[in-house]
Amino acid sequence: MRLWLKSLMGAALATAAIAEPASIVELQQSDSVRAAQNILEAQRVQVNDWMVSLTEIPAPPFGESLRARAIATKFQELPGFDVSIDDVGNVLALRPAVADAGIVVIAAHMDTVFPEGTTIAVDASDGVYKAPGVGDNTRGVAMLYALMRAVTKAEIDADKAMLFVATVGEEGLGDLRGIKHLLTGPLAERFEALIAIDGSNPNLIVSTSVGSSRFRVTVNGKGGHSWGDFGHANPHHALANIITGFATKADDLLAATPSKGSYSVGRIGGGTSINAIPFASWMEVDMRSADPLLLASLDAAFRQSVSEGINAANQRRLGGQALTVALESVGARPAGSTPLNTKLIQQTLAIWRSLGLEPVLSASSTDANAAMAIDLPAVTISRGGISVGAHGLQETWTDHDTLRSEIAALLLILTMADARPER
């Protein structure tokens, strides 16, 4: 996950009346929750060792099945959870409610950005865990397990069920397929809130989702010899038209609005030789914004640029067949937000402050996007520790002040699930 911080609701956040609810105080003072906190601390080495083992099980895009089976096996060690793997590969662990009420979902994505064949071996020789994917988001899945183990060993019951989920497809072209599937599944009508675990900064609370539109563009032509067939329409040249046209339009849109947006041509390819006119060219494009209207405008500008770029290339050709273009959507993450006045946001802010954290509402692209898009209250909170170099081969995670983030997550889950710790 990459984080785009914004100044969100600054005045509202400063002036909102956010009192610490009595339920939070009661939870913090209860014997069973104190026991759960002690369990979180005592199991630190055990959880970190499992994180190392899990990190070394590859989970490339669309290839998470080995890791999913390992997660399910670990979750099944805990009593009181109904563990399963769903049709798209999510690992679900349901802790039933005392009352027949709703469900609070706690999710962390298991997939990484690294392709199949990437060498992954964790080095923790100096106390810093080093490996691709160790923080983002293997540590998040390890935190799921830590929380599940603390809740069950402390025997904490709640009026609402708790559904812990290790999701697939959060990164890259996965397009949130895991969480999207979950939110249309048989339990979805009972969901009351979603808490995603992702990101490192313990103060940040993602309450706004950065939406994205992603496309793969393929331009096809006859190709030919660079000298003998000169004048045939060149797919690479058409892509250049599209890119420059879109960049101009997008820059104008971004300059005309206070909303943050971005665009990028992330990958490009095609052609067979320096002295050949390519018969096919392709590129992948990413557009983002937390403002749905700006995102829609960027999308429309891109589509227009594709049409104009192809037409211009065809008009310049001196012979040969016209170019054709295929435009494929490879990702659509919705933009949205969880309102400040919801119970989930109010309780999160109160809990963070009670633990001495300084909560900052922020915007990002996470599993919570899919929930916000259907008006299901959702936040994304820290996995704890210090993560550096996410999505890079030199990624690291350091176990620093992790317990506080775990306690914050525990209290939030129990508060939203209407826990009755001394029942």
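The chain I am showing has 12 helices and 19 strands, where helices (H or I, at least four residues) and strands (E, at least two) are DSSP runs, numbered from the N terminus. Its radius of gyration is 24 Å, close to the 22 Å that the globule rule gives for 423 residues, so the chain is as compact as a globular protein of that length. That radius is taken over C-alpha atoms, and the globule rule is 2.2 Å times the number of residues to the power 0.38.

Some ground rules. This is a predicted model, in which local features need pLDDT of at least 70 and side-chain atom pairs count only at pLDDT 80 or more, while totals for chains, interfaces and linings use all residues. Residues are numbered from 1 along each chain as its sequence is written, and side-chain values use heavy atoms, with hydrogens and water left out.

Staying with the whole chain, the C-alpha trace spans about 85 × 45 × 40 Å along its principal axes. Buried residues make up 53% of the 423 residues; buried means under 20% relative accessible area, exposed over 50%, and partly exposed in between, with a 1.4 Å probe and protein chains only. Of the contacts with a separation of 6 or more, 82% are between residues 24 or more positions apart, a contact being heavy atoms within 4.5 Å. The mean positions of the 33 positive and 44 negative charges are 4 Å apart. Here Lys and Arg count as positive and Asp and Glu as negative, without His and the chain ends, and each charge is placed at NZ of Lys, CZ of Arg, CG of Asp or CD of Glu.

Now to single residues, starting with H109. H109 sits in strand β4, residues 103–109. Is H109 buried or exposed? H109 is buried, at a relative accessible area of 1%. Its side chain makes a polar contact with the side chain of D198, at 3.3 Å. A polar contact is a pair of N or O atoms within 3.5 Å; within protein, one must be able to donate a hydrogen and the other to accept it, and residues adjacent in sequence count only if both atoms are side-chain atoms. Not counting residues up to four places away in sequence, H109 touches D136, N137, V141, T167, E170, E171, D198 and D367.

Two names on that list, D136 and N137, are joined by a cis peptide bond, with omega about 5°. N137 belongs to helix α6, residues 134–153.

Next, helix α5, which covers residues 65–75 and holds A72. A72 is buried at 6% relative accessibility. Beyond four places in sequence, A72 touches V83, I85 and V91. K74 is in α5 as well, and is buried with a relative accessible area of 15%. Its contacts, leaving aside neighbours within four places in sequence, are W50 and Y145.

S84 lies in strand β2, residues 82–85, and is partly exposed at 34%. S84 touches N90, V91 and L92, again not counting residues up to four places away.

Last, backbone angles. Which residue in the loop between α4 (44–55) and α5 should be looked at? F62 is in that loop, and has a positive phi of about 65° although it is not a glycine. F62 is exposed, at 51% relative accessibility. D175, in the loop between β6 (161–167) and α7 (177–182), has a positive phi near 55°. D175 counts as buried, at 18%.
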